[in-house]
Amino acid sequence: NYDEKYLFTGIIRRDGSSNFGPNNKFGVFPSFSAGWVVSNEDFWEDNGYFNTLKIRAGYGVTGNDAIRQNGYLALIDGGRNYTFGRDGSAIEIGYSPNAPANPDLKWEETSQLNI
């Protein structure tokens, strides 16, 4: 705040989550806003309609880590049956990865601008 006329706020947030792979455990989320209180300027005259006029704008980024734990790992799951033998009559329960590992899995980011 400068002279009750010029306003500025800035934040840089760094969050960490073990839900993400080793390449993106941390996210950086900046935000800022600036404002101008026009009614506090010397040229502002009381007009009977407005006693305060402020112009403000802001921008920010937020992060979301709401994914399943260890979602970046190749987890093993069962229920994948294998057949053996010449006629395929022998069935065994098998296990295999659900999906390949993704060490680059990262934060979901949403940005917002307001004026």
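The accessible surface of the chain comes to about 9,000 Å², and 52% of that surface belongs to carbon and sulfur atoms. The model shown here is a predicted one, and the description that follows moves from the chain as a whole to its paired strands and then to a handful of individual residues.

Of the 115 residues in the chain, 17% count as buried. The chain contains six strands and zero helices, so that its pattern, read along the sequence, is β-β-β-β-β-β. The radius of gyration is 28 Å, well over the 13 Å that the globule rule gives for 115 residues, and the chain is therefore more spread out than a compact globule. Taken along the principal axes, the box filled by the C-alpha atoms is roughly 95 × 30 × 15 Å. Among the contacts with a sequence separation of 6 or more, 57% are made by residues 24 or more positions apart. As for charge, the chain carries 10 positive and 14 negative charges, and the mean positions of these two sets are 10 Å apart.

The pairing of the strands can be followed from the N terminus. Strand S1 covers residues 6–16, and S1 is joined to S2 by 11 bridges, the two strands running antiparallel. One of the positions that can be located in this pairing is Gly 16, whose bridge partner in S2 is Phe 26. Strand S2, which spans residues 26–37, also pairs with S3 in the antiparallel sense, here over seven bridges. Within that second pairing, Phe 32 stands opposite Tyr 59 in S3. S2 thus has antiparallel bridges to S1 and to S3.

Two residues of S2 show what surrounds this strand. Ser 33 lies in S2 and, at 15% relative accessibility, falls under the 20% limit and so counts as buried. Leaving aside residues up to four places away in sequence, Ser 33 touches Leu 7, Phe 8 and Thr 9, and it also touches Arg 56, Ala 57 and Gly 58. Val 37, likewise placed in strand S2, has a relative accessible area of 10% and is buried as well. With the same exclusion of residues up to four places away, the contacts of Val 37 are Glu 4, Lys 5, Leu 7, Leu 53 and Lys 54. Leu 7 therefore appears among the contacts of Ser 33 and also among those of Val 37. By contrast, Gly 10, which is 27 residues from Val 37 in sequence, is 18 Å from it in space, C-alpha to C-alpha.

Further along the chain, a second antiparallel arrangement is found. Strand S4, residues 76–84, is joined to S5 by seven bridges, and the two run antiparallel. S4 and S5 form a hairpin with five residues between them, and in the turn Gly 85 has a positive phi of about 95°. Phe 84 stands opposite Ala 90 in S5.

Tyr 95 offers a view of this hairpin from the side of S5, the strand of residues 90–97 in which it is placed. Which residues does Tyr 95 touch, not counting those up to four places away in sequence? They are Ile 76, Asp 77, Gly 78, Arg 80 and Tyr 82. For Arg 80, which is 15 residues from Tyr 95 along the chain, the C-alpha separation from Tyr 95 is 5.9 Å. Even with these contacts, Tyr 95 has a relative accessible area of 57% and is exposed.

Two residues outside the strands deserve attention for their backbone angles. Most residues other than glycine have a negative phi. Asp 3, in the segment before strand S1, has a positive phi near 60° although it is a residue other than glycine. Its relative accessible area of 49% makes Asp 3 partly exposed. Asn 70, found in the loop between strand S3 (54–64) and S4, also has a positive phi near 60° and is again a residue other than glycine. With a relative accessibility of 34%, Asn 70 counts as partly exposed.

Methods. Residues numbered from 1 in each chain as written. Predicted model: local features only at pLDDT ≥ 70, side-chain atom pairs only at ≥ 80, totals over all residues. Heavy atoms only, no water. Helix = DSSP H or I, 4+ residues; strand = E, 2+ residues; numbered from the N terminus. Rg over C-alpha atoms; globule rule 2.2 N^0.38 Å. Buried < 20%, exposed > 50% of the residue type's maximum accessible area, 1.4 Å probe, protein only. Contact = heavy atoms within 4.5 Å. Areas by Shrake-Rupley, 256 points an atom, 1.4 Å probe, with all protein chains shown as cover. Lys, Arg positive; Asp, Glu negative; His and termini not counted. Charge placed at Lys NZ, Arg CZ, Asp CG, Glu CD. Pairing = 2+ DSSP bridges.
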